[in-house]
Amino acid sequence: MGNAKSLPSQKTCSKFLSEEQAEVDRLFDALSSNKGGSATETFSLEALKNHVKEALPPVMVTRLYNGMWRVKPTHKAHGGSRNVSREQFTVFLSHLLRGSVEEKGRMVMKIILAAECPVKAREVLKFTEELVASLVHVLTHRRELRGWTRRKPKASPTSVQVMAAQLLSQMKFQDGHTFLEPQCLDQVCDQTMIEDWVFHVPHVGIFLSVVVHRGLHLLNSSLDLSTLIPECQVGQEQHFESILDVPSIIYLNSHLAAEQRHRWRLLFSTQLHGHSFSQLCSHITHQGPSLLVIEDRDGYVFGGFASCSWEVKPQFQGDNKCFLFSIMPNMAMYMHTGYNDHFMYLNHGQQTMPNGLGMGGQHHYFGLWVAADFGKGHSKAKPTCTTYNSPQLSAQEDFQFDKMEVWGLGDLLKTCPVKNKKSILDSNPAAQSLLEISGRARHSEGLREVPDDDDD
């Protein structure tokens with residue numbers, strides 16, 4: 001049996017549980033065509049590629065293989081072989097998947113190394129882009145996008161490049177320069193920098209875990225993807241392609257509370273519901289926390305997280321858990337500053353107050369504003385939005401858009417208290433009449449309560 005005859009050193013170097021180690025040993029035996037469990041058996045890069053097949057890009061298979069081969073064995077390999085031994089295989093996988101930050105950092109460095117020489121920043125950038133691309137590739141290949149459609153990449157920068165830049169934005173050099181400044185690309189990244197990066201950016205280790213588990217088809221039962229990429233719930237029997245792609249979804253999902261990550265419910269989309277502010281209001285109110293996403297006509301993608309149910313009323317609402325974000329041309333989050341409580345605003349059918357949807361800033365000067373005259377909006381920030389410290393999110397300060405989506409997050413809790421149960425139809429009789437003429441029911445009617453007289 002392979003596990004019974006493993007190297008004695010494995011007992012100390014492996015961090016896997018016994019049943020996990022048995023699975024690792026079975027994979028090694030298959031790669032090395034080793035049925036007897038001999039400790040001297042090895043496997044080649046070609047064997048690993050044949051096992052992985054189309055599940056991973058060849059460049060990532062080669063990186064993983066080189067990472068394994070660079071693990072120093074406790075005994076010298078015979079004949080200077082370029083093959084990977086059982087010990088190297090086990091140490092690499094156990095330290096990468098179960099190791100400490102230092103151990104993971106060492107394995108990541110071995111994966112990044114293009115040759116036995118100092119690692120430069122441009123090589124780390126190349127690896128990070130390949131890692132994000134491999135993550136999307138393997139999830140697509142294994143059909144684990146959980147209902148999302150993989151979008152074809154647009155012109156540069158692609159979402160893979162944008163997410164790689166975001167992952168690297170937290171890496172700093174000793175002189176204080178940030179990683180992606182042009183003058184830094186030829187600087188050396190030492191082991192300490194890589195370990196610090198892996199510690200401060202957990203997605204590096206998470207993405208590598210998915211690539212290894214799903215790419216090598218190993219220890220799959222120990223990896224839960226539900227908190228990485230949410231289930232896409234559209235609720236209609238038709239093809240739907242979101243504004244967001246896989247890297248964007250993963251990035252946004254990582255900033256949500258745990259109970260909101262497993263499922264996103266499509267509440268509103270211009271693709272399905274048309275370009276109507278009345279439709280927007282009727283679909284997104286009283287639906288719990290949500291994400292609003294817009295793609296302007298210049299290709300910029302941005303939006304906001306509403307921590308509470310939207311309500312139609314002429315006052316600000318929400319709390320300090322709300323935030324604004326950018327997805328394209330860069331990924332960034334903008335949290336509350338404490339300057340004011342202008343987190344969310346949704347109003348319609350009023351003559352004295354602005355009609356539209358807003359987040360942050362103030363009336364007529366929002367960090368993000370969608371006008372009731374649908375298809376128009378603004379993102380004003382000179383120099384930043386007072387509520388969220390966000391810059392201008394859109395390409396133009398006053399922008400136009402054709403694509404907008406709002407996603408309800410997690411499961412809708414029917415017991416959530418809502419101050420204002422008024423429907424958008426109450427303030428818009430024309431919308432009510434149109435629904436009645438078309439024979440469509442007022443779906444919210446059964447959930448409505450008598451509004452409070454002292455509604456603020």
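**Exercise 1. Find the ring of Trp 69 and state which residue lies over its face.**

Solution. Arg 82 lies over the face of Trp 69, at 3.7 Å from the ring centre. The rule: NZ of Lys or CZ of Arg within 6 Å of the ring centre and within 35 degrees of the ring normal.

This is a predicted model: local features need pLDDT of at least 70, side-chain atom pairs count only at pLDDT 80 or more, and totals for chains, interfaces and linings use all residues. Residues are numbered from 1 along each chain as its sequence is written, and side-chain values use heavy atoms, with hydrogens and water left out.

**Exercise 2. Place strand β10 (residues 344-347) between its partners β7 and β11.**

Solution. Helices (H or I, at least four residues) and strands (E, at least two) are DSSP runs, numbered from the N terminus. Two strands pair if DSSP finds at least two bridges between them.

- Step 1. β7 (residues 313-317) and β10 run antiparallel, joined by two bridges. Gln 317 has Met 344 as its bridge partner in β10.
- Step 2. β10 and β11 (residues 356-362) are also antiparallel, with three bridges. Opposite Tyr 345 stands Gly 358 of β11.
- Step 3. Met 344 and Leu 346 point one way from β10, Tyr 345 and Asn 347 the other way, and all are buried. Buried means under 20% relative accessible area, exposed over 50%, partly exposed in between (1.4 Å probe, protein chains only).

**Exercise 3. Classify the ring pairs of Phe 316 with Tyr 345 and with Phe 366.**

Solution. Rings of Phe, Tyr and Trp (its six-membered ring) pair if their centres lie within 6.5 Å; planes under 30 degrees apart count as stacked, over 60 as edge-to-face and the rest as tilted.

- Step 1. The count by this rule is 19 aromatic pairs.
- Step 2. Phe 316 and Tyr 345 have centres 5.5 Å apart and planes at 50°, so this pair is tilted. The pair links distant parts of the chain, β7 and β10, 29 residues apart.
- Step 3. Phe 316 is partly exposed, at 21% relative accessible area. Tyr 345 has 0% relative accessibility, so it counts as buried.
- Step 4. Phe 316 and Phe 366 are tilted too: 6.1 Å centre to centre, 40° between the planes. Phe 366 sits in strand β12 (residues 365-371), 50 residues from Phe 316. At 0% relative accessibility, Phe 366 is buried.

**Exercise 4. List the residues of the aromatic cluster that includes Phe 268.**

Solution. Phe 268, Phe 302, Phe 374, Phe 399 and Phe 401 make up one cluster.
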